[in-house]
Amino acid sequence: MRFVYFSVLIATAYWFLVSLVRLILAKRNLNVIVESTERNAKVNALERAWTAENPKVEEGE
């Protein structure tokens with residue numbers, strides 16, 4: 001019974017540490033994407049290229 005207890009305790013501690021590390025990494029990488037005029041221009045160009053390749057089909061046709 002002690003083996004099960006300590007196994008669950010160790011598994012819970014491992015899960016907590018992994019979750020904590022993932023949370024820290026997620027918060028650190030949150031500000032990686034910085035909005036800039038160059039990035040906005042690239043996104044807009046990609047959106048225009050996508051709509052030019054795939055024209056919208058009307059529902060009534």
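Here is a quick look at the fold, the surface and the aromatic residues of this protein.

What you have in front of you is a predicted model. It holds two helices and zero strands. Burial is quickly told: 0% of the 61 residues in the protein are buried. The protein exposes about 6,500 Å², and 66% of that comes from carbon and sulfur atoms.

Part of that surface is a nonpolar patch of about 640 Å². Trp-15, Phe-16, Leu-17, Leu-20, Leu-23 and Ile-24 make it up. Take Leu-20 from that set: this residue sits in helix α1, which covers residues 2-29. Leu-20 has 36% relative accessibility, so it counts as partly exposed.

Now for the rings. The count of aromatic pairs comes to one. That pair is Tyr-5 with Phe-6, whose ring centres are 5.3 Å apart. Their planes meet at 75 degrees, and since anything over 60 counts as edge-to-face, the pair is edge-to-face.

How open are the individual side chains? The table lists three residues from the text above.

| Residue | Relative accessibility | Class |
|---|---|---|
| Tyr-5 | 53% | exposed |
| Phe-6 | 44% | partly exposed |
| Leu-20 | 36% | partly exposed |

Within the aromatic pair, then, Tyr-5 is exposed, whereas Phe-6 is partly exposed.

Notes: Residues numbered from 1 in each chain as written. Predicted model: local features only at pLDDT ≥ 70, side-chain atom pairs only at ≥ 80, totals over all residues. Heavy atoms only, no water. Phe/Tyr/Trp six-rings, centres within 6.5 Å; stacked < 30°, edge-to-face > 60°. Buried < 20%, exposed > 50% of the residue type's maximum accessible area, 1.4 Å probe, protein only. Helix = DSSP H or I, 4+ residues; strand = E, 2+ residues; numbered from the N terminus. Areas by Shrake-Rupley, 256 points an atom, 1.4 Å probe, with all protein chains shown as cover. Patch = residues over 30% accessible without salt bridge, like charges linked within 9 Å, V, L, I, M, F, W, Y side chains within 5 Å. Salt bridge = Lys/Arg side-chain N within 4 Å of Asp/Glu carboxyl O.
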